[in-house]
Amino acid sequence: MPPNHGYLQGAASTRVCCRRGHTVPLLTGLCSADSFFEDNLPKIVVIGGQSAGKSSLVEAVSGITVPRDSGTCTRCPMECTMSSDASTWSCTINLRIEFGSDGQQIETLNPIVPFATVTNKDDVEIYLRGAQAAILSPQPATFFPKKTAAELKALAADDGVLPFSRNTIEVEVKSPDLTDLVFVDLLGLIHNADDEEVELIKDLVKDKIKNDKTIILVTIPMSEDMEAQQAVKFARLADPEGNRTIGVLTKPDMLSSGASGARERWKKALLGQGDVLKHGYFCVRLPDDEERKKKLSPEVLARNFFDKTVPWNEIPDRKRFGIRGLVEFMSRLLVDLVEQNIPQMKIQVDTLIAKYRAELDTLGPAPIIADASKDIYGRIVMFSGALQKAIDGLADRTMVQGYRLECKTLKEAVLKTAPIFYPESRDPAVYTRTSEYELDVQDVKEAIRRNNTWELPGEVSLDATRDLISGFTKNWAYPTTLCFDAVFDNSLRHVLCLVERHFGKFKPLEVHVRTIVTDEMEAIKEGASGILKKIVELETTRVYSGNPDFLRERDQWLRRFRHLVYAAVARPYSPPPTPYEDELHIMAKVRAYFEVAYKRFIDHAALTMENELHGGLAEKLSAALINSLSASGRAEEVMKEDVDVVKRRRCLQDWLGRLSEIRVQLHSSIA
């Protein structure tokens with residue numbers, strides 16, 4: 001009677017197969033639906049040294065042949081999905097491109113690049129070579145599927161080809177005689193390479209096994225000391241308690257006849273003694289090169305070896321030997337882990353569905369080109385209304401607040417031009433503001449002298465007053481221009497933000513609207529600038545005020561100046577005359593004129609800028625836009641959506657469709 005290898009049979013086997021049939025599609029569906037699940041789902045990760053028999057193990061588990069000739073090693077991760085949901089054998093190979101050539105993660109709408117579908121097992125190896133070459137090379141993926149082995153080998157020497165990559169080859173093998181399983185084969189840990197490449201692989205392995213939902217499958221060659229193997233050390237660092245590590249012992253046939261001590265240590269490990277792992281150890285005997293050429297069955301080779309070789313035939317738990325027992329255990333363990341995480345997965349899926357629906361709502365439905373004119377007109381109306389509210393400060397107040405801030409800056413600049421007169425000494429305590437325009441009695445005397453012509457005795461030329469007034473009004477043009485430019489820039493910035501908000505969904509339309517709006521506002525600016533210049537010219541070429549406050553200000557300043565003169569000569573204040581009566585009168589008039597003129601100018605300039613730049617702006621822009629799009633076919637031309645928006649909507653719809661299907665599975669059939 002043959003030994004009992006402990007495999008499930010009958011009803012128990014049927015129940016397990018049914019659970020697997022739900023679990024594997026669920027895992028693959030989640031991973032393809034969103035990259036978030038890549039690092040948040042239960043998975044099995046295979047690690048090991050470059051010569052630990054990892055590639056042979058992957059071949060035996062998956063039933064496919066991987067590239068393995070001299071100098072070849074795994075140069076990028078491979079995720080293998082095995083599914084029994086098929087009537088015939090097939091293998092689909094895709095590339096998952098999530099990292100750039102510099103190893104940094106890249107933003108992409110859909111990282112999956114289809115590569116090849118294979119229906120002949122003998123063709124898998126060459127397509128895997130091509131897939132790996134496509135990941136490592138800067139050439140597009142479509143360049144590789146039809147290449148021969150010799151061509152691929154020659155391409156490997158091209159400039160820009162990476163030695164290793166974090167991007168993944170996805171392999172989905174379907175066959176009715178497979179056990180449902182998903183695992184990731186990582187790059188083999190190496191020593192004979194550049195330090196940078198060695199560290200890249202170490203970092204990748206550490207990153208992929210750190211998640212507490214990840215089962216670490218460590219390939220351990222029995223011909224070497226387990227304690228010295230780097231993969232074992234990494235597994236222990238990531239899983240100190242050994243709760244999620246499976247040890248796979250390889251190359252038992254490589255133990256020499258005299259290695260009795262090593263055999264005893266490995267026997268204890270298989271019996272669960274010594275270095276205890278929760279999931280224990282498995283031992284596999286894999287075909288060598290000659291046996292692979294003869295296509296000898298790994299399972300038959302293993303059974304013949306383990307059932308006839310001491311001490312392996314003395315261990316009662318026979319399912320710990322050979323590929324079949326390992327695959328069955330991995331599959332059941334993965335199913336258990338997935339089912340344990342279903343409550344959390346439900347929450348995660350519901351959260352992602354809500355997130356993607358919100359983003360899809362933001363993008364809105366795809367445009368109906370037949371209604372392009374109607375759609376654009378509606379957007380123009382909404383844009384015009386939003387702009388008018390911004391101008392009136394009824395919604396977004398930042399535009400009005402920006403305008404007021406610039407007007408305040410203009411006022412401060414004009415106040416700095418105020419004339420500061422010193423009747424006797426230059427005492428800064430007399431004034432509360434500073435100015436760049438300071439004069440004393442001698443300066444005023446000089447102004448009177450240079451403006452005297454045919455005046456009668458006792459008279460002072462009005463030109464002296466005009467001369468001193470122009471000393472501050474001539475400095476108003478520059479800050480006014482700065483204020484005007486800043487107000488316009490602020491307005492244009494807000495208008496263009498509204499353009500992006502209302503038309504940005506369609507890039508050609510946004511570009512068109514942005515051009516029309518900018519041109520129209522530049523024309524408005526030119527007209528407003530001319531009017532503002534006239535206001536500045538009026539203040540600098542004419543001296544006039546009908547404001548009664550001028551007389552009050554003049555008298556107040558005259559009294560103040562007279563008081564300062566008498567205080568300087570240390571005698572009590574008395575009515576005029578003073579030693580500088582003419583000069584004091586001119587000082588008082590000039591200062592009084594500033595007080596009434598600057599207020600008039602600031603108000604007039606501010607209202608002019610507001611009226612000329614913003615008055616009727618919404619209507620002007622609306623009319624210009626409607627007129628620019630009135631030509632036949634123009635609306636349809638600019639209503640084409642941005643390519644990235646179209647792609648994003650399709651991706652969101654695709655992801656939502658897949659997530660919705662997964663949600664049904666999570667909330668019903670796998671309750």
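Proline 252 is in contact with Met222, Cys283, Val284, Arg285, Phe305, Phe306 and Trp312, leaving aside its neighbours within four places in sequence. The model is predicted. This briefing covers proline 252, isoleucine 106 and a negative patch on the surface.

**Proline 252**
- The loop between strand 8 (245-250) and helix 7 (260-270) holds proline 252.
- Proline 252 has a relative accessible area of 3%, so it counts as buried, a class that lies under 20%.
- One of its contacts is methionine 222. The two residues are 30 residues apart in sequence. Their C-alpha atoms are 5.7 Å apart in space.

**Isoleucine 106**
- Isoleucine 106 sits in the loop between strand 3 (90-96) and strand 4 (112-118).
- Its relative accessible area is 37%. Isoleucine 106 is therefore partly exposed.
- Not counting residues up to four places away in sequence, isoleucine 106 touches Ile97, Glu98, Phe99 and Gly100.

**Negative patch**
- Four residues gather in a patch of negative charge on the surface: Asp489, Asp519, Glu522 and Glu526.
- Helix 17 (residues 507-541) gives the most to this patch, with 3 residues.
- Glutamate 526 is part of the patch and lies in helix 17.
- Glutamate 526 counts as exposed because its relative accessibility is 62%, and exposed means over 50%.

Conventions: Residues numbered from 1 in each chain as written. Predicted model: local features only at pLDDT ≥ 70, side-chain atom pairs only at ≥ 80, totals over all residues. Heavy atoms only, no water. Patch = residues over 30% accessible without salt bridge, like charges linked within 9 Å, V, L, I, M, F, W, Y side chains within 5 Å. Areas by Shrake-Rupley, 256 points an atom, 1.4 Å probe, with all protein chains shown as cover. Salt bridge = Lys/Arg side-chain N within 4 Å of Asp/Glu carboxyl O. Lys, Arg positive; Asp, Glu negative; His and termini not counted. Charge placed at Lys NZ, Arg CZ, Asp CG, Glu CD. Helix = DSSP H or I, 4+ residues; strand = E, 2+ residues; numbered from the N terminus. Buried < 20%, exposed > 50% of the residue type's maximum accessible area, 1.4 Å probe, protein only. Contact = heavy atoms within 4.5 Å.
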